[in-house]
Amino acid sequence: MENTQTLSLHFEENGSGKPLLLIHGFPFSSRMWAAQSDALGARLLAPDLPGFGDSAAVDAASVESYAEDCVALLDALDILEPVAVGGLSMGGYIALAFARLFPERVGALLLLSTRAGADSAEAKAGRDATIAKVQEQGPGVVAEGMFPKLLAPDTYTAQPAVAAELQAIMATASQAGVVAALGAMRDRPDASQLLPQLHMPTLVVHGVQDQVIPYSEAEAMAAALPNGQLELIEGAGHVPNLEQPQRFNQIVRDFLASI
Ligand code: MLT
């Protein structure tokens, strides 16, 4: 089902049950959750962040502004009770900002292929260099650079349709959206100190073959969370929901049923 709300943030809504807000990674869109749409036993709400998918871009963004966009989406849908909030990679950075800013709105948290730490000085410089490149050459340079690392090495040959779909999704990202998101990721705060304060049930999912964020980051987050559950998926890289959808969906369904 397609929807547009007053902030002109486009979102997809599928399935029924309790609400589950899932925030996409960079430089993807809500389309990355196609294999989850009605498979999680939940009412899946998947926004397109500004400048991605079908949402209009903004000039600048932060993980906090994205979290505010997401809470505005819940408000617009009159969903005021605590809900499950999750995100993959950059979406996880935003989910952590959401939990910091709006803890009363989060009944459960899903941290997927993500990390709690901030960018190192070197990583920040890398973001700046990428922003300059995107401004010169367009957003395609990001997709080109990321593509070889996104999936588990075997997924490229075993599941070419998954690789093609990811490329197709990345091709829809706008230049302004990509630049704003790179700045938001560069400037995100370190959420490590927040983890021990997050008492809601939290599911941490990570692909063992993730070449973008190593799974040791997931182990560290789960260890620091008072109520964390760690699930590592063998045979998956950075996008386990697309690479191993059945396993991924089962894990999320079981988690949601247990809370
Ligand atoms: C993502 O997959 O969302 C990003 O690559 C994460 C990052 O660049 O830190």
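Here is a short conversation about the ligand site and some local features of a predicted model.

Biologist: Happy to look at this with you! Which residues surround the ligand?

Modeller: The shell consists of Gly25, Phe26, Ser89, Met90, Tyr93, Arg127, Met146, Met185 and His238. By type it divides into 5 nonpolar, 3 polar and 1 charged.

Biologist: What makes the pair of Tyr93 and the ligand a polar contact?

Modeller: A polar side-chain atom of Tyr93 lies 2.5 Å from an oxygen atom of the ligand. The cut-off for N or O atoms is 3.5 Å, so the pair qualifies. Arg127 also brings a polar side-chain atom, at 2.8 Å from a ligand oxygen, while Met90 uses a backbone N or O atom, at 2.8 Å from an oxygen atom of the ligand.

Biologist: Nice. How much of the ligand does the protein bury?

Modeller: The protein buries 93% of the 270 Å² that the ligand exposes when taken alone. The space taken by the ligand is the largest pocket.

Biologist: Why is the pair of Phe26 and Phe52 called edge-to-face?

Modeller: Good one! The ring centres are 6.3 Å apart, and pairing needs centres within 6.5 Å, so Phe26 and Phe52 count as a pair. The planes make an angle of 75 degrees; over 60 is edge-to-face, so the name fits. In total the count comes to 3 aromatic pairs.

Biologist: What does the pair of Phe26 and Phe52 tie together?

Modeller: Phe26 lies in the loop between strands S3 (19–23) and S4 (43–47), and Phe52 in the loop between S4 and helix H1 (63–76), so the pair links parts that are 26 residues apart in sequence.

Biologist: And the peptide bond from Phe26 to Pro27, is it cis or trans?

Modeller: That bond is cis, with omega near -5 degrees. Pro27 sits in the loop between S3 and S4.

Technical notes
Residues are numbered from 1 along each chain as its sequence is written. This is a predicted model: local features need pLDDT of at least 70, side-chain atom pairs count only at pLDDT 80 or more; totals for chains, interfaces and linings use all residues. Side-chain values use heavy atoms; hydrogens and water are left out. A residue is near a molecule or strand if one of its heavy atoms lies within 4 Å of it. A polar contact is a pair of N or O atoms within 3.5 Å; within protein, one must be able to donate a hydrogen and the other to accept it, and residues adjacent in sequence count only if both atoms are side-chain atoms. Accessible areas come from the Shrake-Rupley method with a 1.4 Å probe; for residues, only the protein chains shown count as cover. On a 1 Å grid over the protein atoms alone, a cavity is a set of points where a 1.4 Å probe fits but cannot get out, and a pocket is an open set with protein on both sides within 12 Å along at least five of seven lines; lining residues have an atom within 4 Å of a point. A molecule sits in a cavity or pocket if more than half of its atoms lie within 2 Å of its grid points. Ala, Val, Leu, Ile, Met, Phe, Trp, Tyr, Cys and Pro count as nonpolar, Asp, Glu, Lys and Arg as charged, and the others, Gly among them, as polar. Rings of Phe, Tyr and Trp (its six-membered ring) pair if their centres lie within 6.5 Å; planes under 30 degrees apart count as stacked, over 60 as edge-to-face and the rest as tilted. Helices (H or I, at least four residues) and strands (E, at least two) are DSSP runs, numbered from the N terminus.
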